[in-house]
Amino acid sequence: VKRIVLNGHSSSSTLHQFMQVNFHHRQGYSYGPKNGKVMNLCIDDLHLPLRSHTAKQQCGFHEYLRQLMDSKGMFNLAKPNEWCAVEDLTIFATLANDHGSCMELDPRLQRHFVTISIPPLKGQSLNAIVTVWAEGVASALPASFPPTLSKDLLCASLEVYGSVSEALKASTMPGRHHYLFSLGQLASVYQGLVQWSSLSSVEEMGFLWSHEMNRAFVDGICRDADSKWLRSFIDSVSNRVFPSVRDAPVVPIALSTIPIRVQTTQDGSPNSQASVEVVLYPVSQWADLLPFLGHHLARYSEEHGPLPLVLSTEVIKHIAKLHRALKFQRGNCIIIGSLGQPLVSMAKFAHYLVGHTLQTMDRSKECAFKDYLRSLFRQAGLEGKKIGIILEERDLSSGWMMDILNSLLACGELPMLFSSDEMDGLLEALIPSIKRDFPGEEVDPLHYFTARIVSNLKIILCLTPDSALLESQAHDFPGILRFTHLVRMSDWTNQFL
């Protein structure tokens, strides 16, 4: 099984290069997957090249795909006029209905597919999914909690999710181009509801639910009016469903994955195993994290040199958000802040706290970047090393860089990064690790390799609010925005200055 993640700038060369790398000569003019296998190619998703601004690109990818499926072959560009017959290829594709817009394929291409329409989740279908999540959370709680808690969580979550989906849609309004709220964000809320190990009362559950809803839906909003409205709406729902929260004597201001006490390994570095299990700690004030962060900031300065970072209340709050995001399986982040704010310094420190080895890469040329990326894939996928990458806005000016990030963040794969022989060697080297982690089970080595890359290779993008990725390119590269945690850093307050 192979996967191609398209973007708004994909062209016919994208598919042709994939075919050249993954299809090998069999006999005569016949080409197919290696070792006589059958390839299932998943294309995600076909509507993106339709949005391209260039007429040549609009039809290039789809026309090439149509000819490939019509004639069951392609031309070999290395040998002019040589026809290659393609065998053992089955194609699956998705065509997203992007915010209600109607994206139609050429009928000559669409006739090759069996079309299955999947309507948006709503009504009873949506209730059934969220009910399972709510009951799972309720079953993990002590028996002292009321039996109606799962229903309360269900009603509150669906009310907020429905209002956000209707009121905050992506549009051409400045600051709203990148709004892509989905059911995945609601799933992360329920994932967080079982990570406060000392949860003991309904009041704490109400605060936890409100905190997780703000983290999942509010943190990435760049418009102050939208964030204020959504915070107020979440608070009103929380006060109505969990009225006892207002009367609670002591309520923490936040929950953080950063412990209050200093915990280090024998060599003095942060505990790199902390990312294995996510535990939330209540924070009564952000200054409580200062001893832990101050200790590790001093350690960082001793190991890597001085880091220009002042541990103010605002900085501590956003470091805690980055630290929490990096703990997720897909813990890639976009931190949004104005010029002059220490975005890169905070990203470096967050990677250090989680135990990632920060890598600097040559971003000037595509070939050099891919060579280094191959090395990082081997380290993360074969050796299991925790690796961190930081990219700034100036690094995203190249189309090839955006193409790589869109595919890497969406599925953890770059189908044309390794040749078939190189990939076979990597998967062969993974067999001992698979036998150790899954004794007696059959595991697909490619899926295992991809899962380790997704878990061990984490990327933080540092952007300004007017970045092209958040505006004009938001729909051309949706994989970058849908599979990252957005953390917006507010402007400096007068008190902080």
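Start the tour of this predicted model by selecting isoleucine 336: across from isoleucine 336 stands arginine 488, in strand β14.

**Stop 1: strand β10 and its partners**

Now widen the selection to residues 333-336, which make up strand β10. Which way do its side chains point? Cys333 and Ile335 point one way, Ile334 and Ile336 point the other way, and all of them are buried. You will meet this pattern again, because in a regular strand the side chains alternate between the two faces of the sheet.

Add residues 485-488, strand β14, to the view. β10 and β14 run parallel, and four bridges join them. Next, add residues 457-463, strand β13. Here too the pairing with β10 is parallel, over four bridges. Two pairs of residues are handy landmarks where β10 meets β13. Isoleucine 335 stands opposite cysteine 462 of β13, and isoleucine 334 stands opposite leucine 461 of β13.

**Stop 2: strand β13**

Keep β13 selected and color its residues by how buried they are. How many of the seven residues of β13 are buried? Seven of the seven are, so β13 is largely enclosed by the rest of the structure. Try turning the strand to look at each face. On one side you will find Leu457, Ile459, Leu461 and Leu463, and on the other Lys458, Ile460 and Cys462. Both faces are covered, with every one of these residues buried.

**Stop 3: strands β12 and β11**

Select residues 387-392, strand β12. β12 pairs with β13 in the parallel sense, over six bridges. Look for leucine 391, which stands opposite leucine 461 in β13. β12 is mostly covered, with five of its six residues buried.

From here, step across to residues 357-359, strand β11. β11 and β12 pair in the parallel sense over three bridges. The landmark for this step is glutamine 359, standing opposite isoleucine 389 in β12.

**Stop 4: helix α16 and a long step**

Select phenylalanine 449, which lies in helix α16. Is phenylalanine 449 buried or exposed? With a relative accessibility of 3%, phenylalanine 449 counts as buried. Now use the distance tool from its C-alpha atom to that of isoleucine 460. The two residues are 11 apart along the chain, and their C-alpha atoms are separated by 21 Å.

**Stop 5: the largest cavity**

Switch on a cavity display, if your viewer has one. A search of the whole structure finds three cavities of 30 Å³ or more. About 80 Å³ of space lies in the largest cavity. Which residues line the largest cavity? Select Arg330, Asn332, Leu408, Leu409, Gly412, Ile453, Val454, Leu457 and Ile459. The elements giving two or more residues to this lining are α13 (399-411), α16 (445-456) and β13. That brings you back to two elements from earlier stops.

**Stop 6: loops with unusual backbone angles**

Move to the loop between β3 (30-32) and β4 and select asparagine 35. Its phi is near 60°, a positive value in a residue other than glycine. Asparagine 35 counts as exposed, because its relative accessibility is 65%.

Next, select aspartate 44 and aspartate 45 together. What kind of peptide bond joins aspartate 44 and aspartate 45? The bond is cis, with omega at about -20°. Aspartate 45 is found in the loop between β4 (39-44) and α2 (55-71).

Follow the chain onward to lysine 72, in the loop between α2 and β5. Lysine 72 is not a glycine, yet its phi is positive, at about 55°. With a relative accessible area of 54%, lysine 72 is exposed.

**Stop 7: a nonpolar patch on the surface**

Finish with a surface display. Select phenylalanine 75, which is found in strand β5 (residues 73-76). At 46% relative accessibility, phenylalanine 75 counts as partly exposed, because the exposed class begins over 50% and the buried class lies under 20%. Now add Leu77 and Trp83 to the selection. Together with Phe75, they form a nonpolar patch on the surface, with about 330 Å² of accessible area between the three of them.

Definitions and conventions:
Residues numbered from 1 in each chain as written. Predicted model: local features only at pLDDT ≥ 70, side-chain atom pairs only at ≥ 80, totals over all residues. Heavy atoms only, no water. Patch = residues over 30% accessible without salt bridge, like charges linked within 9 Å, V, L, I, M, F, W, Y side chains within 5 Å. Areas by Shrake-Rupley, 256 points an atom, 1.4 Å probe, with all protein chains shown as cover. Salt bridge = Lys/Arg side-chain N within 4 Å of Asp/Glu carboxyl O. Buried < 20%, exposed > 50% of the residue type's maximum accessible area, 1.4 Å probe, protein only. Pairing = 2+ DSSP bridges. 1 Å grid on protein atoms, 1.4 Å probe; cavity = no way out; pocket = protein on both sides within 12 Å on 5 of 7 lines; lining within 4 Å. Points joined across faces, edges and corners; volume = space filled by probe spheres on them.
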